[in-house]
Every structure is written in C-alpha cells, then in structure tokens.
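This report covers a two-chain model. It goes from the core of one chain to the contacts between the parts.

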Amino acid sequence: MPRYTFVLNGEPVTVEAPADMPLLWVLRDLLHVTGPKYGCGVGVCRACTSHLDGAEIQPCVVPVADCADRTVTTIEGLADGDTLHPVQQAWLDQDVAQCGFCQPGQIMAAVALLQRTSEPTDADIDGIENVCRCGTYCRIREAIKQAAADKSRSAGIGG
Amino acid sequence: MVYSLAASTLTVAAPIGCDTSPAEGADRSTPDAGARSGVVVTGTDDEMLVLEVTAANRVVVRLPRVEVGQGVTTAVAMMIAEELDARLTDVDIPLADARTKGSQYTGGSSSVSSLYGPARALAATARARLVTAAARRWRLPARTLRTRDTMVVAPDGRTATYGSLTATAALVTRPAVSSRPKPASRHKVIGRPTTRIDARDLVTGKARYAGDLRVPGAKPTVVARPPTLGGKIRTLDDRAARAMPGVRAVVRVAGGVAVVADTFHHAFQARDALRITWAPGPLAALSDAVIRSRLRAAVPPLGAAPGGSTQVTGEFEFAFVSHAPMEVLTTVADVRADRAELWFSTQTPMDARDSIASAVGLPASKVKVHVMRGGGSFGRRLNYDFALEAALVSKAARRPVKLMWSRADDLRHGQMRAATHHRVRASHAGGRVVSFVHSTASVSESYEGLAAAGGATSLAARPGRVREAGPLPSDSGLYNFGRLGGDSGGVELAAIPLGAWRSVDSGTTRTVEEIMVDEIARSLGKDPVAFRRTVLRGKAVRAVLDKAASAGSWGRTLPAGHGQGVAVHEEYGSCVACLIEIDATDPKNPRVTRAVMAADVGTAVNPRGLEAQLMGTTIDGISTILRAGLHIDRGAVREGSFADFRYARQRHAPLHFEAHIMPSKGEPGGAGELGVPAAAGAVANAYARATGTRPRRFPLTF
C-alpha cells in the first residue's frame, strides 16, 4: 500500500492508503479528524470543505495521492490555540449555527472567499455553494461581512 | 412537585408535565403525566427532569429530548440558569439515554412548552436548598443571602460556590427561602437574546455526531440498495466484493446488501463491486403523472356551493419532498448475544429501543440507546428505520458497525413528505366569504407495503408516517369565512416511505389556504393585508400581520417583475406573519430578496434562537415553493444529491431578513415548525403578484 506524507493542521502526518482513497475518508477514518463532514460524497453539498495549500477543496472528491507533500487544513486547524480565527469568531458572534453539521465547511469556504477578496460583495457571497439545510444563510452572510469588516479594521489599526 | 433524590450531591427532580407552573405546562405527548404527584422517587431519572449540582460547580440536567439544531439545549440551560442564578457557562445539558418510562419524545414543536414549568421549578428548588446550606454554614439568616454567578453571596461579601455547598444542600429537607420560580418581571436570562451554548463546539469542529464516534471495533458500513423503491434482490454474487482489501463482512438485509469494511472508502468500493440483479419494486409501473392524476381523482367532492354566491376556486399540487438532513442517517450499533448498545440521533428513543430489542430478539432492558446530537432532522428522526437496520446488520455480522446511509440512499429511499392534491372553493356573497371548503388527497403508505418492507416492526418504526385522514387545519377557523368544510382522501401506494416533515400537514394545507386568501381578496377587489385584517378572528394574529406589514413596508413601490406577498399562520399556541419580496423578472429563476417575519410565541425564552427558527422556516418556504422536490420515475426517486434535490443555497436566500418578536408574558408556545406555512404562502403570493400568474403546482421550477 502506498504511503503519503502531508502537513495536516500544522503537523506532518503519514498514512498508508490506496492512491484513489478520497482525502475525506483518510481524514475521518484513518486520522480521526472528524470536523470535515460527509454530506454527499460527490463534491456537491460541500459539508467537507477544507483547504489544500490554502485553497478551498472538497476532500470527498480529492484523492489522497493529490495531497502528497502538500498542506491540508481542516476546521480543526483554523484557530490559533484557544483564540478563534476571526471567521470562527464572527460565526460565534452572529450565532450562525443551528445543527452545525455543515458549518465547518461553511466556515472554511468563507475563509477561502476572504482570502480571495477582502471585501466580498453580496454577489461574491452568493457564489458560495455550500448547502445549509437548516437555512442559516442570512446569518452566514452577516458573519462574512463582519469578518471582512473586522479584518479591514485591524489592518487599519496595524497600519 | 419537586423531589430530592438521595445522593451525596444536591440532586432534585421534577416530573415532566408537573403542575408547578400556572401554565398548562403538561407534555402534550403524555397528557396524564401531571397526575403522578404521589410517585415514589427511587433514584432513577425515569419520567423526571433531574438537576444535579456537582462538587466541581457544574449544573447538570440530562435532557429527555434531542438537539437537532432547534436550540432546545440552550433554551433549557437558560431556564435553569435563570432560576438558579447560575452562569450559563456553568450549565451542562447532555442528552439523556433512552429511558424506560416517561416522555422522551421530541416533536410537535412541544419541547419548550413542555419543559418550561418543570425546568424552572427544578432550578428554583435547587437554589432554595443551596441558599439554605450557605445560611447554615455561615450562621446567617437565609433571607439575607443573595445568589449570582453560580454562588451564594453573604451581606459581608463572602461567597460560596454552589459546588462547595452541594453536599450540604443535599441534606436540606426544608428550605428556609422560597422554592418558587421568579415572576417574569425579574427574568434576566429568559427573554434575553442568547448565543447557543454549543456554538463554540460547532464552529471549531468539536461537536460530535454519531458518525464521529470512535466505538471500539465499529467498522464503517454501507448498504447497496435497489434502484426502485421497495425493489428486492433477485441474485447476488458477492465474491468479488468479499475478496477486496479491507472488507470485513457482507450481509443481506431487508433493504439490500450491507458491506462492512475498514473505511468508508473500502465499504463504498466493495458495495459497488457487488453483482446484484434486482427485481423491480411494487411501484415500478408508476411515475409522477400517474400519481398526480390518482391524487386528483381521490380528492373528496366539495359539495354544492351556497346559492347566490360567487366562487373562487383553486386546485393545488405539491410534489414529494425529502427531509434531507445534512447529517445523513448514521448509527453505531453493537449487538451481542446478550445485550446491545446503539448511538444515533432520534426523536423517539424509547420506541426505537423497544423496536430494536424486539427485532434483534433481546429484552428491552438489555438494549441501551445513546441519543446523539443530530445534524438536522425536520421530522426525519421521528423514525428509526436506519437504526433498526444497523442493529440487524450488527447482529448478522456479529460485530459492531457504524452504518451510514449515503446521500443518494437518503434521497432515493426516503422518507419524504407525501405528495398532495388540494381542491379549494371559497364562496362570497355581498362582499363576505360565506363558505370555505378545502378537500385534499395525500399519498399514504399501504400496510402491505410496510409489511413487505420488514414485517410488523417496520410499522412500529414509522411513527411519523402521514395520517390518512383527519380534521384539516382550516377547521380551526383562523378566518371568519362562514361555513368551513372539506375532507381528506388518500392514494395508498406500497413501499413508498413517507414521514412527517416540519409543520406536517400545515406545510401544504395552510399554505394553500393562504394562497386562496389572496385570491379571494383579489376577487373582492381588496388588498391582501387589509382583507386579512377584516377576516382574521384572533387579535394576536392580526397584531403579527400588522407588525410584518409595517416593518416590511407593505405596498411600497417595487420595480416591474418584483412583488410582495404576505401570509399568516397560527399553531402550537403561537402565531406568525411573513412578508416576502421577490424578484421574478426572470420567472424561471426567481429570487426572494427580502423576508420580514413577526411572531407571537408567548414568552420567547431565547429570542435569538426563535429568530433562527423563523429564518430556517423561511428557507424551507422558499425551497418547497420555488425549487426543491422529488420526482418519481417508474417507481424510483430521480434525485440523488443536492445537485438535483434543489434545496435553496446562499444565492436563493433573502439578502435581507428580519424577525420581530412580539413582547408577551404568556406561556411559551411552539416555534420550531411555526414559520413554514406562512413563509411558503408568502413566497407563493409574492410570486403570483410579481408575475401576474396563479401558482398551482409546487415547486414552481421543477
């Protein structure tokens, strides 16, 4: 069985897995990192959304072989110790989550969006495809706007 | 009535449904629960809501309800924190395992109303005992002591945490201060918008659902299911699948063939390597068009219209809709020869335990069901078909399993909200509605279908199935519409898995009625809001309508192709109004741009949680009216993922949402399902006004 090494949430990990095994099951079943959720297995619902080298991916459709020697970040790797990432903090402040199942993916998608554009428009936010079956979309929009505003404010303070 | 349990820490218990509150706080699912005031407490928490203060200063209440996102754990924590003067962060609300007695049903939007009395009584009693214990320790009159932040405070400033007092408080038999809950005027926690107690766990990925558990030996398991509903295995060749790496077992079950493997990747690959030929299910000859025409034919006749009246009529159709909770149905099951233990999210854990025990041949006392947090439900987890399946697979495979339905399994094999057909006739004369008749037909699951799906236990496993007949919500007389009438009929189909969907029958019947109210208003040349104001019977529902209309600027000028719509609903002791603005310049791709809701639910324990429920039901209304449904093609559900089951995404959600909560000191009503018919009706009415059409078949773009 091939072995793959990658950086997961800041730590190097090595797994033995078939090359075509989706990253989602490597994370969940081999590494017991369960923040990324299964919701469809075909990259549609996006509950598993995580980052590969800082860009958004759906681990349910990314084979582990594609992650070799790269950097994977899941919801578990977003906070800095006990200090939440500003997007997580905005999610908390807006009390976005209901059942919470899609929210790790929603947060990772929002972080990726804010990395692409620091002041996302409503149209940019509309481009997020992640499904929330509880219908928390309006609070997600508010949380993204808050995170963007917090970021530009702290950038201003920092000079 | 609140009891003290013999324990080394302060532990008090209140029967759920006890009459400690002036309200009819009785649990609606066990109407006789309030009568058990003479019960002897033996130390078991059966039937009881139990509060324990630990030496570590935690306040723990094991909740006999399930958290599926509706926020019940936060609401109960707030009730406890209020009466105990505890910090909300010191209160833990774990979910209780399945009990042997009492009420452990989550549904009917009844959780807050059934727990409001007992939870407050419980905490107020605990507080009185803790104060009494501190008074004894400090040799001070108890009435001079205050409580805040999970501690007792003396006039001189000394403090004692509840944890430090709990052992002494456990010995207090006669509290020296009042054990009665506070008057509402002194509420500091109840009524304050509060963030979910589990919000941090939810945004950090720490929250655990059934599929996240690591139960030793419980291997990933998936099931190959037939292409058609109720299809059966004709031939099975599992040699290739069994030979694949990581495969631990292949087991035939009622619903198909289960594969147990080391990872879900291996399980899915082996599932796909099974060579199965399937016999088509009993509906293989049936598609939507036929089902629709049979439903149309099954609607009972409306009878004769009153003489001399003018008729406003409408026929409406709703497609099947999946519950499709984000967390697919998942169970960890460990069934042994002499006992069983299961972990899954369920609204009916006691029924589930009994059915599972009977299915695997164990006494109920040997089956332990741990109730897990659920990733959404919308009624789906009233049923435990998936847990029953996992138990049988574990038994057959002789090993613990973690059985997960794929998303395609979830959409293609149910459950679903039944397709319905509605025929409505309103008759008006002299400017007034003199008669309103609404007859419906709904698909129902035949007993033969249930028996074929797995015998008698299968019937028991469907407590949420759609009832075949009963009074329509219009019988409640929300409107002053003269003589009300109507009846319901059914089309029985074998092997069609149905289940109660958030707001149940109201989601279709009341939605239809709100559309008809608009059409009656049009026929009378009246404005929809002004007309409703004249014909609504209740003061509270008129007030929420007025609130939504004024906050939403009803009647404001909008660009061509845009429109406003309103609708109201009353149920669960609560009422709600919804105002929707829609951009239907492209009628095939409408966008709800704005939603304004106003709700009166009595005391809103957590206005922030209530707002979330109203937001969610708005998205349900948008989805079911405009976008999301299931097609039946020759006995099979066509949709297989969120790519074709078109539940709303961010780009379909309103850019602006606001919820207004009416101030009230009344007892809490229900809220979780309340908004669905109002939102759905308002979306349909807004679409009608924007496009000049009369929406009749839902979802509109399908």
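Two residues are in contact if their C-beta atoms, placed from the backbone, lie within 7 Å. The model is predicted.

**The core of chain B**

By that rule, and leaving aside neighbours within four places in sequence, B:Ile80 is in contact with B:Leu51, B:Val59, B:Val61, B:Ala86, B:Val91, B:Ala119 and B:Ala123. B:Ile80 belongs to the largest nonpolar core, which has 267 residues. B:Ile80, B:Ala391, B:Cys578 and B:Val683 have the most contacts inside this core. Helix α2 (residues 111-138) of chain B gives the core its largest share, 15 residues.

**Chain B as a whole**

Chain B has 17 helices and 31 strands. Of its 702 residues, 60% are buried. Along the principal axes, its C-alpha atoms fill a box of roughly 80 × 75 × 45 Å. How does the radius of gyration fit a compact globule? For 702 residues such a globule would have a value near 27 Å, and chain B has 27 Å, which agrees. Contacts reach far along the sequence: among those between residues at least 6 apart, 79% join residues at least 24 apart.

**Where the chains meet**

The contact takes 47 residues from chain B and 47 residues from chain A. On the side of chain B, α4 (199-204), α6 (264-273) and α16 (607-627) each give two or more residues. The largest share there, 7 residues, comes from α16(B).

**Domains of chain A**

The domain assignment gives chain A a domain 1 (3-77) and a domain 2 (86-157). Their centres, taken over C-alpha atoms, are separated by 22 Å. Domain 1 puts 15 residues into the contact and domain 2 puts in 12 residues. On the domain 1 side, β3 (50-52) and β4 (55-57) of chain A each supply at least two residues.

The table gives the classes of residues on two contact sides.

| Side | Nonpolar | Polar | Charged |
|---|---|---|---|
| Chain B, touching chain A | 22 residues | 15 residues | 10 residues |
| Domain 1 of chain A, touching domain 2 of chain A | 6 residues | 6 residues | 3 residues |

**Helix α2 of chain A**

Which residues of helix α2 (residues 86-93) of chain A are buried? They are A:Val87, A:Gln88, A:Ala90 and A:Trp91. These residues cover an arc of only 160° around the axis, so they lie on the same side of α2(A). An α-helix has 3.6 residues a turn, so residues three or four places apart point the same way. Just after α2(A), A:Asp95 takes a positive phi of about 50°.

Definitions and conventions: Residues numbered from 1 in each chain as written. Chains lettered and ligands numbered in written order. Predicted model: local features only at pLDDT ≥ 70, side-chain atom pairs only at ≥ 80, totals over all residues. Buried ≥ 20, exposed ≤ 12 C-beta atoms within 10 Å, placed from the backbone. Helix = DSSP H or I, 4+ residues; strand = E, 2+ residues; numbered from the N terminus. Arc of directions from axis to C-beta. Domains from an automatic or database assignment. Nonpolar A, V, L, I, M, F, W, Y, C, P; charged D, E, K, R; others polar. Core = buried A, V, L, I, M, F, W, Y, C linked by C-beta atoms within 7 Å. Rg over C-alpha atoms; globule rule 2.2 N^0.38 Å.
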